[in-house]
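Subject: Structure handover

Hello,

Here is the structure you are taking over. My notes on what was found in it follow below.

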Amino acid sequence: MSHLSERPAKPVVGVSMPHESATLHVTGTALYTDDLVHRTKDVLHAYPVQVMKAHGRITALRTDAALAVPGVVRVLTGADVPGVNDAGMKHDEPLFPDEVMFYGHAVAWVLGETLEAARLGAAAVEVELDELPSVVTLRDAVAAGSFHGARPLMLTGDVDAGFADSAHVFTGEFQFSDQEHFYLETHAALAHIDEAEQVFVQSSTQHPSETQEIVAHVLGLHSHEVTVQCLRMGGGFGGKEMQPHGFAAVAALGAKLTGRPVRLRLNRTQDLTMSGKRHGFHAQWKIGFDADGRIRALDATLTADGGWSLDLSEPVVARALCHIDNTYWIPNARIAGRIAKTNKVSNTAFRGFGGPQGMLVIEDIMGRCAPLLGLDPMELRERNFYQRGQTTPYGQQVAQPERISAVWQKTLDNGGIAGRKREIAAFNAAHPHTKRALAVTGIKFGISFNLTAFNQGGALVLIYKDGSVLINHGGTEMGQGLHTKMLQVAATTLGIPLHKVRLAPTRTDKVPNTSATAASSGTDLNGAAVKNACEQLRERLLSVAASQLGANASDVRIVEGVARILGSDKELAWDDLVRTAYFQRVQLSAAGFYRTEGLHWDAKTFRGSPFKYFSYGAAAAEVEVDGFTGAYRVRRVDIVHDVGDSLSPMIDIGQVEGGFVQGAGWLTLEDMRWDATDGPHRGRLLTQAASTYKLPSFSEMPEEFNVTLLENATEEGSVYGSKAVGEPPLMLAFSVREALRQAAAAFGPSGVSVELASPATPEAVYWAIEEARRGAASESGRVRAGVAAGGHAENGHASHGEARPGTTVLSGA
């Protein structure tokens, strides 16, 4: 077993324990960025001047009326920026734009003694606009040729030969929705300037180092003049990886110009209309199967709705391409990616980071094609699982492919799937207006940042004379339990009880140049860095203990806060050991570092091994659908998920449950609507509140919900044998969508293949039911013959009519 994976005697890791801030959360005493305002004197409040047009050039910006509003102190505009007027890493996001790029774009910010004064001041600012044509929908962008950023192409094998060898070829397209993060805490920042003109920013950010970098270049400062701290976040889900930087920069600029602390916090409507979402995608595809239903070739183009600026769209698309295979071996593939430029908020990271979008495409294909191949969807999926020795379309060998089958079989066993499928068949036969279905889907998700440089982490661990320990690391806590795991890692490595260890807020002046807490890598990177720092300290202390106990350092172990000689009753308590080390002038602080080894990636050729390992999981979902309304309920979900040897089982199970529910929300409920008319509100987000944007709640939870972590699953080469848990479980929710598809199809003849929009709202399910009821027996025959509705046969496959948004159009040859 590797040094990084090996666990010592009586480890604190692997023990189920509550979140380190759980008591603070449930008692309402946990502090978030905006809570710090009440502890800060003379705070000014920032409020945006939003322009409610989708696109236009600013011809005049008049602020005099705002300055006349009682309580208004200053109006921030582009003329006030001493450094670079840009809030993005791609230099395509002006902090104070002269061109409005989406409905609700902020062009100035008002600072007031009170939030109400700032709001009234913002309303008094006059903006004149020369309106320009706007592109709102993804389809319009494609039609207009409106694209930006890289266009990656992933090639493997011989695609044309693969199709020539295929007994069945199908083509289709699929468009599916974006998703709002809807974290509980909206974007917030609090900035102030100290007596040395140093800038200190409290920010709700997943990437403090990048927030620091953006604030510095906006203010024309060096990074060492700016410190960013993240106490904790009330949720992030990727929405606070890039998006907080501009808001922090506005607060910092206001503080720099006024000399007073500045608070910026978006209300919910502002947050929804000004911050980016998960990328909606459109996929055009062609797939070939052999006579046994095994994939021979896939040709697809994935188009992401990037919004007005690039943000993280390029790596999101790259990850989507890297995950279109999911658990299936595709020997011949040609997958192209591109980013549509639209006049909407700039879409950004969201849990899964493009992986869910790529995986959804192949799962939709499998669900659509299984009936046309005369196969049970479970059987089609199993026949295409990766086997040992096979590689992904980008050239990385799939390690531990047997775990794909292991989690799958364990899910079937735990859920009693075979027996329940028979019960469902009997139920459906007896109930013409209500149908049930059970679907099983699996996941394979790569862990590491696609950009190799981001795969590094740092930590600073301090031991005080009284034996207490303070940890600083580069990861941020957004409720996911990262800090809890870091406490467990430190206590395990040092061999001391958990209560001896405390964790400090994440700050850029303690651990520099950190990567974002994202890509499910927070525990892998920061845990290994914390372990490295603690190992340095432990080695120094073992030498001190050896000298006190009269032994060699190699014969001393520190377990549960006591240093002992192997095979002897001689011992030295931790507190005494630390005190002795201090008087011997032994350094009691250490900086830890970790870089993920074995990664290489060529973004131009789209080849390499970008991931340290893969996480695996499987889920079985049973649903019941009402044939009159399309309304449904999730009767039962069984999940088996691979987290290696869990560092903190209670935390990990919570992450699996939460990720699954959030994925089910994206796929079934969360229906974002934008005004695409030519009226005065073109480009406006219509679902800009919880009253119109439906989130999953207790009523959408499965009535029976069983989550099991895969046992005996040590991951070699990762911290204490664990695996990442944050993002992969979200994709387990594919099982719900596929169950809904099968339930809708059950209203029609056997073997019918139905379209299902995403999100699969009750309305969408109803239309799928209607399609099944129309019988599609004759249409199915036409599809197999190579002619589809809205198209005509061309060289053995079909052309298409316009698809409804969020639907699949399928034809075959």
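**Two local backbone features**

Phenylalanine 182 sits in the loop between β8 (168–176) and β9. The model is a predicted one, and in it the phi of phenylalanine 182 is near 50°, a positive value in a residue other than glycine. Most residues other than glycine have a negative phi, and most peptide bonds are trans. The second feature concerns a peptide bond: serine 758 and proline 759 are joined by a cis peptide bond, with omega about 15°. Proline 759 belongs to the loop between α18 and α19, a helix pair that comes up again below.

**An annotated region**

The unreviewed UniProt entry carries the annotation "domain: Aldehyde oxidase/xanthine dehydrogenase a/b hammerhead" for residues 27–133. In the model, the chain over residues 27–133 is 14% helix and 34% strand. The C-alpha atoms at the two ends of that stretch are 51 Å apart.

**The eight-stranded sheet**

Strands of a sheet pair through backbone hydrogen bonds, either parallel or antiparallel. One open sheet here has eight strands with mixed pairing, in the order β3-β5-β1-β12-β9-β10-β11-β20. Its edges are β3 (72–76) and β20 (506–507), each of which pairs on one side only.

Within this sheet, β1 (residues 44–51) and β5 (residues 105–112) are antiparallel and share seven bridges. Histidine 45 has glycine 112 in β5 as its bridge partner.

Two helices lie across strands of this sheet. Helix α6 (residues 208–219) lies across β10 (199–203), β11 (226–230) and β20, and runs at about 145° to β11. Helix α7 (residues 244–258) lies across β1, β3, β5, β9 (188–193), β10 and β12 (262–265); its angle to β9 is about 30°.

**The four-stranded sheet**

Another open sheet has four strands in the order β19-β18-β17-β24, again with mixed pairing. Here β19 (501–503) and β24 (589–595) are the edge strands, each pairing on one side only. On average, and with direction ignored, neighbouring strands of this sheet are turned by 25° against each other. The antiparallel pair of β17 (residues 456–463) and β24 has seven bridges, and leucine 460 has alanine 591 in β24 as its bridge partner.

**Strand β15 and its partners**

Strand β15 (residues 333–341) pairs with β7 (residues 153–156) in the antiparallel sense, over four bridges. Leucine 155 stands opposite arginine 334 of β15 in that arrangement. With β14 (residues 295–307), β15 pairs in the parallel sense over nine bridges. Opposite threonine 303 is arginine 338 of β15.

**Helix packing**

Two packed helices are described by the angle between their axes and the distance between the axes. Three pairs are listed here.

The axes of α14 (residues 482–494) and α15 (residues 522–549) come within 9 Å and cross at roughly 30°. The two helices are therefore roughly parallel to each other, and their crossing is right-handed. On the α14 side, the contact is made by Leu482, Lys485, Met486, Val489, Ala490, Thr493 and Leu494. On the α15 side, the residues are Gly522, Thr523, Asn526, Gly527, Val530, Lys531, Cys534, Glu535, Leu537 and Arg538. By class, this contact of α14 with α15 has eight nonpolar, five polar and four charged residues.

Helix α15 also packs with α16 (residues 574–583): their axes come within 10 Å and cross at roughly 100°. That crossing makes α15 roughly perpendicular to α16. Leu541, Val544, Ala545 and Gln548 of α15 make the contact with Trp574, Leu577, Val578, Thr580 and Ala581 of α16. Seven of the residues in the contact of α15 with α16 are nonpolar, two are polar and none is charged.

The remaining pair is α18 (residues 734–745) and α19 (residues 762–773), with axes 8 Å apart and an angle of about 40°. At that angle α18 is oblique to α19. Their crossing is right-handed. Leu740, Ala744 and Ala745 in α18 meet Val765, Ala768, Ile769 and Ala772 in α19. The class count for the contact of α18 with α19 is seven nonpolar, no polar and no charged residues. The loop between α18 and α19 is also where proline 759 is found.

Regards

Notes
Residues are numbered from 1 along each chain as its sequence is written. This is a predicted model: local features need pLDDT of at least 70, side-chain atom pairs count only at pLDDT 80 or more; totals for chains, interfaces and linings use all residues. Side-chain values use heavy atoms; hydrogens and water are left out. UniProt positions are given in the numbering used here, feature names are shortened, and annotations may be inferred rather than shown by experiment. Axes are lines fitted to C-alpha atoms, for helices over the stretch in contact, and angles run from 0 to 180 degrees between N-to-C directions. Angles under 35 degrees count as roughly parallel, over 145 as roughly antiparallel, 65 to 115 as roughly perpendicular and the rest as oblique. A crossing is left-handed if the near helix is turned anticlockwise from the far one by less than a right angle, and right-handed if clockwise. Contact means heavy atoms within 4.5 Å. Ala, Val, Leu, Ile, Met, Phe, Trp, Tyr, Cys and Pro count as nonpolar, Asp, Glu, Lys and Arg as charged, and the others, Gly among them, as polar. Two strands pair if DSSP finds at least two bridges between them.
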